[in-house]
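My notebook is open, and I am going through this structure one lookup at a time. Come along if you like reading over a shoulder.

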Amino acid sequence: MTDQPNNSLNLVTGATGLLGSHIVEQLVNRGRRVRALVRPGSDVEFIKGLGVELAEGDITDQPSLDRACQGVDRVYHSAARVGDWGPWSEFQAITIDGTRNLIAAAAEAKVKRMLHISSISAYGHPDGKGLIIDETAPLGRSLYHWSYYSRAKVEAEKLVWQAHDDGLVAMTVVRPSWLYGPRDRATIGRLIDSIRSGKTKLIGSGDNRLNVVYAGNVAE
């Protein structure tokens, strides 16, 4: 995604979120033009301070996506229903149907490439201790019924790859692990509060491993 001219226009969905805001920041630092899709009433203080164009809309609102994609060369799609809890209808509407809506808008606007942010959790729970997993590994292995976040990410990827294979939009997919960093409103803050209040529960033997990655590094 680095071969574009400086005057090309980049659309970022989920631009006020953790990874999305870092993607916006990286693009601006590289002198790229950025249009940020922002929901009405969302906190835009940080990205507005970067001097980017704001496009009010929602991933579930097709007309707003159609407008946001006009004149865009590349789309960075980081909007999704984040978290492990909540009704499946929200994961369906935002992560799955929202991705479908964006693909349709990008195809209609003849966007050159779309970068879709998936998740390492889309792999599910493959069997095999010490198993090395790369991008050829199958998705959705042994997922729990209530793993709504992971299930939605798998279904969204299916839509993305189908659109790629059909020639609608050229696609790139990345699958980062658990993100942390500035502007994280989903997990780390709650975890710190739980530790400070003494309410944190130790799960497992204490030597469990967790893949974490800094959001700024993923964006870079």
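**Entry: a crossover late in the chain.** I looked up β5, α5 and β6 and found that they make a right-handed β-α-β unit. The model is a predicted one, so I am reading computed geometry throughout. The two strands of this unit, β5 (residues 113-117) and β6, pair in the parallel sense over five bridges. I wanted one concrete contact to click on: I117 stands opposite V174 in β6.

**Entry: the faces of β6.** Which side chains of β6 are buried, and which are not? I went along residues 170-174 and found M171 and V173 pointing to one face, both buried. A170, T172 and V174 point to the other face and are not buried. I jotted down the textbook background as well: in a regular strand the side chains alternate between the two faces of the sheet.

**Entry: β1, for contrast.** I then turned to strand β1 (residues 9-13), where five of the five residues are buried. The side chains of L9, L11 and T13 point one way and those of N10 and V12 the other way, and all are buried. Who are the strand partners of β1? On one count, four bridges join β1 to strand β2 (residues 33-38), and the two run parallel. The chain crosses from β1 through α1 to β2, and this β-α-β crossover is right-handed. β1 also pairs with strand β4 (residues 74-77), in the parallel sense and over four bridges. V12 is a handy residue to select here: its bridge partner in β2 is A36, and in β4 its bridge partner is Y76.

**Entry: helix α1.** I checked the length of α1 (residues 18-29) against a simple expectation. At 1.5 Å a residue, its 12 residues should span 16 Å, and the end C-alpha atoms are 17 Å apart, which agrees. Next I asked how many of the 12 residues of α1 are buried. The count is nine, so the helix is largely enclosed by the rest of the structure. The buried residues are L18, L19, G20, S21, H22, I23, V24, Q26 and L27. Just after α1, I noted that G31 takes a positive phi of about 75°.

**Entry: the largest nonpolar core.** This core has 22 residues, and L11, V75, L102, M114 and M171 touch the most other members. The elements that give two or more residues to it are β1, α3 (62-68), α4, α5 and β6. α4 supplies the largest share, four residues. I put one general remark beside this: in soluble globular proteins, nonpolar side chains tend to be buried together.

**Entry: aromatic pairs.** A search of the whole structure gave me five aromatic pairs. I opened F91 and Y148, an edge-to-face pair at 5.9 Å centre to centre, with 65° between the planes. F91 lies in helix α4 (residues 88-108) and Y148 in helix α5 (residues 148-165), so the pair ties together parts that are 57 residues apart in sequence. Is F91 buried or exposed? At 0% relative accessibility, F91 counts as buried. Y148 has 22%, and because the cut-off for buried is under 20%, Y148 counts as partly exposed. I then opened Y144 and W146, which are stacked at 5.4 Å centre to centre with 10° between the planes. Y144 is partly exposed at 43% relative accessibility, while W146 counts as exposed at 54%. Ring pairs also link W88, F91 and Y148 into a cluster.

**Entry: R183 and S142.** The charged end of R183 sits over the ring of F46, 3.7 Å from the ring centre. R183 has a positive phi of about 75° although it is not a glycine. Where is R183 found? It is in the loop between β7 (178-180) and α6 (188-197). With a relative accessible area of 24%, R183 is partly exposed. S142 is another non-glycine residue with a positive phi, of about 50°. I placed S142 in the loop between β5 and α5, and at 46% relative accessibility S142 counts as partly exposed. With that loop I am back at the right-handed unit of β5, α5 and β6.

Technical notes:
Residues are numbered from 1 along each chain as its sequence is written. This is a predicted model: local features need pLDDT of at least 70, side-chain atom pairs count only at pLDDT 80 or more; totals for chains, interfaces and linings use all residues. Side-chain values use heavy atoms; hydrogens and water are left out. Rings of Phe, Tyr and Trp (its six-membered ring) pair if their centres lie within 6.5 Å; planes under 30 degrees apart count as stacked, over 60 as edge-to-face and the rest as tilted. Buried means under 20% relative accessible area, exposed over 50%, partly exposed in between (1.4 Å probe, protein chains only). A charge sits over a ring if NZ of Lys or CZ of Arg is within 6 Å of the ring centre and within 35 degrees of the ring normal. Two strands pair if DSSP finds at least two bridges between them. A crossover is right-handed if, with the strands pointing away from the viewer, the path from the first strand over the helix to the second runs clockwise. The expected span of a helix is 1.5 Å times one less than its number of residues. A nonpolar core is a set of buried Ala, Val, Leu, Ile, Met, Phe, Trp, Tyr and Cys residues joined through side-chain atoms within 4.5 Å.
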